[in-house]
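This report covers side-chain packing in a predicted model. The sequence and structure are shown first, and the description follows.

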Amino acid sequence: MKRYSKLIKDTWWLWTIFAAIVLFMVVWVSPIFLALVPMLITVFFYFAFVRYDEDGNFL
């Protein structure tokens, strides 16, 4: 759990930008962009697993 909290702490601004872009695309372009949400969740867990150890230290 520490690896996920550390990734959020280090990259909160990036995930906020991603959320804003997805929201904009869903509202103004097409609801099909909701498909980005599970993709971004998968990317989040992948990078947390690859970049941080179980204690939250950057590898």
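## Contacts of arginine 3

Leaving aside residues up to four places away in sequence, arginine 3 touches Ala48, Phe49, Tyr52, Asp53, Glu54 and Gly56. Arginine 3 itself is part of helix α1. Its relative accessibility is 13%, so arginine 3 counts as buried, the cut-off being under 20%. A polar reach also starts here: the side chain of arginine 3 comes to 3.5 Å from the backbone oxygen of aspartate 53.

## Nonpolar core

Two of the residues touched by arginine 3, Ala48 and Tyr52, also belong to the largest nonpolar core. That core has five residues, the others being Leu7, Trp15 and Phe44. Helices α1 (2-28) and α2 (36-51) are the elements that give two or more residues to this core. In soluble globular proteins, nonpolar side chains tend to be buried together.

Within the core, tryptophan 15 has contacts with Ile8, Leu40, Val43 and Phe44, again not counting residues up to four places away in sequence. Phenylalanine 44 has a relative accessibility of 13% and therefore counts as buried.

## Aromatic pairs

The model holds seven aromatic pairs. In one of them, the rings of tyrosine 4 and phenylalanine 45 have centres 5.1 Å apart and planes at 80°, so this pair is edge-to-face. It links distant parts of the chain, since tyrosine 4 lies in helix α1 and phenylalanine 45 in helix α2, 41 residues apart. Phenylalanine 45 also pairs with phenylalanine 44: the ring centres are 5.3 Å apart and the planes stand at 75°, so that pair is edge-to-face as well.

How exposed are the residues of these two pairs? The relative accessible areas are set out below.

| Residue | Relative accessible area | Class |
|---|---|---|
| Tyrosine 4 | 24% | partly exposed |
| Phenylalanine 44 | 13% | buried |
| Phenylalanine 45 | 41% | partly exposed |

Which residues do the ring pairs link into a cluster? The cluster consists of Tyr4, Trp15, Phe18, Phe44 and Phe45. Trp15 and Phe44 thus appear both in this cluster and in the largest nonpolar core, and they are in contact with each other.

Note on methods
Residues are numbered from 1 along each chain as its sequence is written. This is a predicted model: local features need pLDDT of at least 70, side-chain atom pairs count only at pLDDT 80 or more; totals for chains, interfaces and linings use all residues. Side-chain values use heavy atoms; hydrogens and water are left out. A nonpolar core is a set of buried Ala, Val, Leu, Ile, Met, Phe, Trp, Tyr and Cys residues joined through side-chain atoms within 4.5 Å. Buried means under 20% relative accessible area, exposed over 50%, partly exposed in between (1.4 Å probe, protein chains only). Helices (H or I, at least four residues) and strands (E, at least two) are DSSP runs, numbered from the N terminus. Contact means heavy atoms within 4.5 Å. A polar contact is a pair of N or O atoms within 3.5 Å; within protein, one must be able to donate a hydrogen and the other to accept it, and residues adjacent in sequence count only if both atoms are side-chain atoms. Rings of Phe, Tyr and Trp (its six-membered ring) pair if their centres lie within 6.5 Å; planes under 30 degrees apart count as stacked, over 60 as edge-to-face and the rest as tilted.
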